[in-house]
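Student: I have not looked at this protein before, and I would like to go through it with you step by step. Could we look at the structure together and take up a few residues at a time?

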Amino acid sequence: MSSTEPRFPYQDAALPIEQRVEDLLDRMTLPDKAGLMFHEMAFVSDLEEPGMFGKPSLQSSLDKRMNHFSTLFVPTARELATWHNTVQEASLAHPLGIPVTISSDPRNSFTNNPFTALMAGPFSQWPEPLGFAAIGSPELVERFADTTRREYLAVGIRTALHPQIDLATEPRWARASGTFGADSDLTSRLGVAYVRGLQGEQVGPHSVSAMAKHFPGGGPQKDGEDPHFPYGREQVYPGGHFDLHLEPFKAVIAAGVSQMMPYYGMPIGTEYEEVGFSFNKAIVTDLLRDKLGYDGIVCSDWGILNNTCWGVEHLSYEERLLKSVDAGVDQFGGESRPEVLVGLVKAGKVSEARVDASARRLLREKFRLGLFENPFVDASLADAVVGTAEAREEGLAAQAAAHTLLKNAEQGAGHLPLSGTPRLYLEGLSAEAVGDRAHVVSTPEEADVAVLRLVAPWESRGEPNTPEWFFHAGSLAFPAEEVERIRAISEAVPTIIDVYLDRPAILADIEPVAASLIANFGACDDAFVRVLFGEAEPEGNLPFDIPSSMAAVEASHSDAPFDTVNPTYRWGFGLRYP
């Protein structure tokens, strides 16, 4: 036998995948199988270097037979690709030669939260998913996801920890920006397009595996608080809309989504046990697998055994692991203790057959992705493939198109688009981006028009760089002093206001004083300036209602879309340039 011929059947690409899976599974020890079921964070650094947030070194995880890792901060595409190859070499040194699967949270937009999504960096930059919902084009979403696929492949990322297809029914929820808004039909259509762009018609060597989240829908958070934190652990359904939140998941299951992530939250006041969804057998096995017919990988959200163990806080680590395995979870995100699972099997508390069931799904995915045949990437090409000029321009055009025009002055200096070469007073917009289109002045009194770029309000929580600090939560209303400041500017000069809506801000106090009002869902200065001067047109429609007051928000049902009384603007509203 030549050195290039396979030694074992699982190494033979000509054999059926199921035969290869069974052959490899038979050769694996229990620690090998358990290692598959843990999916830890990893950082682009030396393999022996301790990880951030108290995480172990990557080498220590590899030594435990772990071979799924999510990556966070990225310097350059080439550095990420080179690091990926180094990790693959270390993993393939094991006698069985099982390749690593690298995953990533979204990294092609504007969110800068290491616990949910990352800034684009070297990758092409597009609007947040809310922006795609504002545009409403499945074709554009599929092109975006295909661009993401090509960029991920170039650096070795083979699993996308997205799309997020929760419904943004609770206006205060900090994670609304990662959704396609509040409408289940639109979310379903865009979610399917997203999965198709990443995976193709079926998962194969040129695919990125999509992990849809957060089953059974992470939108209906009590008081809008997020279950990353104990005060946000409850999901509530006062409007009786549990099934509505399932609709996007049904759609992506039918489209062949490969992986699924339950959310941290625990259902309150339903037929289901009041424990976090990844501990909930009635959710994962009875509903997702048996009723909805899903047989792909179920991966928990990150840290459910150590940190976000809602409803089972009183249990030990071992007991939580046992309950989650019994619920039907295949893999544990952000965890790195496969030896505990090995101990449970040896103690007779978990059968090896149960471990085999999850190991099969996880091995099958590696074979489908072609990782055994092509575990490495060409790092020398990464910088040329990631963030190409064409992709960046398409992303910029999408950022511009997603702008949603809410109010336009009928005439005068504040009418959009701007014309001539006006004198502009700017806040939140760089003079460099405006360039020679206008004369930038220092005070409102000197200006023909003021242009203010604002961000939806939030309540600052936690110390800088702690998890809470990254989440935009709490009141959606602009502080009274900020409203007065904006009013004073508008009284001095016609004022155009652009608001970044990562959540549906209360605009009722801002709208009357604005000559023109526009919303964006992740847009750089260059994209906004194109819209401001008519080089691009706002094509967006609101992906959620804009509530009229915090009292209306507080009185609404967290699980019901479009439920605040007398909203300032309705879902689907959006003006166009004349």
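Student: Is Arg172 buried or exposed?
Tutor: This model is predicted, and in it Arg172 sits in the loop between strand E4 (157-160) and helix H7 (184-199). A residue is called buried when its relative accessible area is under 20%. Because the relative accessible area of Arg172 is 10%, Arg172 is buried.

Student: Which side chain makes a polar contact with the side chain of Arg172?
Tutor: Arg172 belongs to the loop between E4 and H7, and its side chain takes part in a polar contact of 2.9 Å. The partner in this contact is the side chain of Glu170.

Student: Which residue does a cis peptide bond join to His162?
Tutor: In general, most peptide bonds are trans. Here, however, the bond that follows His162 is cis, with omega at about 20 degrees. The residue on its other side is found in the loop between E4 and H7, and that residue is Pro163.

Student: What is omega for the cis peptide bond from Leu416 to Pro417?
Tutor: Pro417 is located in the loop between strand E11 (404-407) and strand E12 (423-427). The bond leading to Pro417 from Leu416 is cis, and its omega is near -5 degrees.

Student: Where is Glu365, and is Glu365 buried or exposed?
Tutor: Glu365 is part of helix H12, which covers residues 352-368, and its side chain is joined to that of Ser258 by a polar contact of 2.4 Å. The relative accessibility of Glu365 is 6%, and therefore this residue of the helix counts as buried.

Student: How far is the C-alpha atom of Lys366 from that of Ile98?
Tutor: Lys366 also has its place in helix H12, and because its relative accessibility is 1%, Lys366 counts as buried. Along the chain, Lys366 and Ile98 are 268 residues apart. In space, the separation of their C-alpha atoms is 8.7 Å.

Student: Which residue forms a salt bridge with Glu18?
Tutor: The closest N and O atoms of this salt bridge are 2.7 Å apart, and the partner of Glu18 is Arg364. The pair links distant parts of the chain, since Glu18 is in helix H1 (residues 17-27) and its partner is in helix H12, 346 residues apart. Glu18 has a relative accessible area of 39% and is therefore partly exposed. A relative accessible area of 21% likewise makes its partner partly exposed, and that partner is Arg364.

Student: Which residue forms a salt bridge with Asp356?
Tutor: Asp356 has its closest N and O atoms 2.8 Å apart in a salt bridge with Lys33. This pair links distant parts of the chain, with Asp356 in helix H12 and its partner in helix H2 (residues 30-36), 323 residues apart. Asp356 is buried, and so is the residue asked for, Lys33.

Student: Why are Asp146 and Arg150 separated by about one helical turn?
Tutor: These two residues form a salt bridge whose closest N and O atoms are 3.2 Å apart. Asp146 is partly exposed at a relative accessible area of 25%, and Arg150 counts as partly exposed at 40%. Both are in helix H6 (residues 138-155), and the separation is about one turn because the two are apart by 4 residues.

Student: How many salt bridges does the count come to?
Tutor: Some salt bridges are linked in a network, such as the one of Arg289, Asp295, Asp330 and Arg361. A salt bridge is counted when a side-chain nitrogen of Lys or Arg is within 4 Å of a carboxyl oxygen of Asp or Glu. By this rule, the count is 36.

Student: Which residues gather in a patch of negative charge on the surface?
Tutor: One member is Glu48, which lies in the loop between strand E1 (38-42) and helix H3 (58-63). At a relative accessibility of 55%, Glu48 counts as exposed. The residues that gather in the patch are Asp46, Glu48, Glu49 and Asp63.

Student: What is the accessible area of the nonpolar patch of Met52, Phe53 and Phe73?
Tutor: Phe53 is also in the loop between E1 and H3, and it counts as partly exposed because its relative accessibility is 41%. Together, Met52, Phe53 and Phe73 have an accessible area of about 280 Å².

Methods. Residues numbered from 1 in each chain as written. Predicted model: local features only at pLDDT ≥ 70, side-chain atom pairs only at ≥ 80, totals over all residues. Heavy atoms only, no water. Patch = residues over 30% accessible without salt bridge, like charges linked within 9 Å, V, L, I, M, F, W, Y side chains within 5 Å. Areas by Shrake-Rupley, 256 points an atom, 1.4 Å probe, with all protein chains shown as cover. Lys, Arg positive; Asp, Glu negative; His and termini not counted. Charge placed at Lys NZ, Arg CZ, Asp CG, Glu CD. Buried < 20%, exposed > 50% of the residue type's maximum accessible area, 1.4 Å probe, protein only. Polar contact = N/O pair within 3.5 Å; in protein donor to acceptor, adjacent residues only side chain to side chain.
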